[in-house]
Amino acid sequence: MTPMEQGLGKARVLVEALPYIQKFAGKTVVIKYGGHAMVDPILKESVMLDILLLHSVGIRPVLVHGGGPEINSMLKKVGIESQFVQGLRVTDAQTMEIAQMVLLGKLNTEMVSLLNRFGGKSVGLSGKDANLLMAVKKPMQMPNSSGEMENIDLGLVGQIQSVTPDILNTLLGQGYIPVISPVASGEAGETFNVNADTAAGKIAEALKADKLLLLTDVRGILREVSNTDSLISTISRGEVETLKAQGILSGGMLPKVECAISALDGGVGSVHILDGRLSHAILLELFTDGGIGTMFKGDA
């Protein structure tokens with residue numbers, strides 16, 4: 001390919017992206033970042049560059065990150081076995097301390113440093129800052145050997161009760177990119193571990209975000225699990241129950257689907273589930289005609 005042909009290819013990409021850039025300029029986009037894209041350093045840089053490009057063309061990105069694999073690794077190093085109940089980490093005081101160390105001291109700092117090194121203006125936060133996320137102890141019940149429901153103590157696992165987005169609106173208004181760890185405060189000053197998908201959804205609702213992007217380790221919603229070509233590009237709010245009944249929305253994807261529906265009901269414009277393992281997935285989803293993941297939208 002000649003330099004001229006390469007230049008024309010780049011020009012076509014920019015022209016294709018232009019109407020989307022114009023449409024989303026000034027809008028808030030909340031991105032939940034986790035999975036393999038957080039572990040691979042090359043993918044991590046790709047995600048940070050995508051976020052910085054969004055910011056550079058006038059979009060207001062907010063990044064909410066997880067950190068499960070890194071927390072597991074650190075717990076293993078100190079001799080603590082990770083325990084999960086229905087996908088939720090049982091969190092005692094020592095586990096919470098280590099989770100905070102990994103989320104805030106390592107991962108959040110790394111992301112903020114990368115964004116700033118690439119020329120951005122980023123600020124790291126946890127849900128405890130300015131009472132951004134307030135939570136209560138998450139209740140859990142499971143059937144015992146007799147089939148009766150009994151309470152399960154998950155420890156310091158929180159259920160978000162309220163979001164106070166003032167600090168985010170201030171930072172966004174001054175041109176900063178907030179990077180948020182999924183840790184919340186309790187009424188008595190406790191620290192709670194909260195699900196990152198849920199935190200991102202609740203923050204998107206509070207900000208009335210135009211879009212919520214959930215980066216995962218799958219392409220999106222597949223009509224046939226074993227067929228990667230069966231991606232469903234768009235799902236309306238009214239189709240969700242039908243797809244659940246058909247078994248298409250099931251298993252580990254259900255919590256993300258529930259997060260998507262809650263966000264739509266809370267005023268978020270659309271929710272996108274996409275594969276964070278694909279380089280520049282965010283840009284491909286937002287700025288190309290086809291997109292690469294599954295978009296949930298309201299019925300209106």
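**Pocket lining**

I sorted the residues lining the largest pocket by type and got 18 nonpolar, 17 polar and 10 charged. The coordinates come from a predicted model, and I read every entry here with that in mind.

I then looked up the volume of the largest pocket, which is about 1,400 Å³. Its lining has 45 residues, and I noted Gly 87, Leu 88, Asn 195, Ala 196 and Asp 197 as the closest to the pocket centre.

Next I asked which element gives the most to this lining. I found that α7 does, with six residues. Helix α7 spans residues 196-207. I also listed the elements that each supply at least two lining residues: the helices are α4, α7 and α9 (254-265), and the strands are β3 (84-85), β4 (88-89), β9 (158-163) and β13 (211-216).

**Helix α5**

I took α5 next, residues 93-117, and counted 25 residues. From first C-alpha to last the helix reaches 34 Å, close to the 36 Å expected at 1.5 Å a residue. I checked where α5 bends and found about 30° at Asn 108.

Asn 108 is also among the buried residues of α5. I wrote down the others: Thr 95, Met 96, Ile 98, Ala 99, Val 102, Leu 103, Leu 107, Met 111, Val 112, Leu 114 and Leu 115.

I looked at both ends of the helix. At the N-terminal end I found Asp 92 as the cap, with a side-chain oxygen 3.3 Å from the backbone nitrogen of Gln 94. Just after α5, I noted that Gly 119 takes a positive phi of about 105°.

**Ser 122**

I located Ser 122 in strand β5, which covers residues 122-126. Is Ser 122 buried or exposed? Its relative accessible area is 9%, so I entered Ser 122 as buried. I then looked for a partner of its side chain and found the backbone oxygen of Ile 177 at 3.1 Å.

**Lys 77**

I found Lys 77 in helix α4, residues 68-77. Helix α4 is one of the elements that supply at least two residues of the pocket lining. I recorded Lys 77 as exposed because its relative accessibility is 66%, and the cut-off for exposed is over 50%.

Last, I checked how far Lys 77 lies from Gly 291. The two are 214 residues apart along the chain, and I have their C-alpha atoms separated by 40 Å.

Key
Residues are numbered from 1 along each chain as its sequence is written. This is a predicted model: local features need pLDDT of at least 70, side-chain atom pairs count only at pLDDT 80 or more; totals for chains, interfaces and linings use all residues. Side-chain values use heavy atoms; hydrogens and water are left out. Helices (H or I, at least four residues) and strands (E, at least two) are DSSP runs, numbered from the N terminus. Buried means under 20% relative accessible area, exposed over 50%, partly exposed in between (1.4 Å probe, protein chains only). On a 1 Å grid over the protein atoms alone, a cavity is a set of points where a 1.4 Å probe fits but cannot get out, and a pocket is an open set with protein on both sides within 12 Å along at least five of seven lines; lining residues have an atom within 4 Å of a point. Grid points are joined across faces, edges and corners, and a volume is the space filled by probe spheres set on the points. Ala, Val, Leu, Ile, Met, Phe, Trp, Tyr, Cys and Pro count as nonpolar, Asp, Glu, Lys and Arg as charged, and the others, Gly among them, as polar. The expected span of a helix is 1.5 Å times one less than its number of residues. The bend at a residue is the angle between axes fitted to the seven residues ending there and the seven starting there. A polar contact is a pair of N or O atoms within 3.5 Å; within protein, one must be able to donate a hydrogen and the other to accept it, and residues adjacent in sequence count only if both atoms are side-chain atoms.
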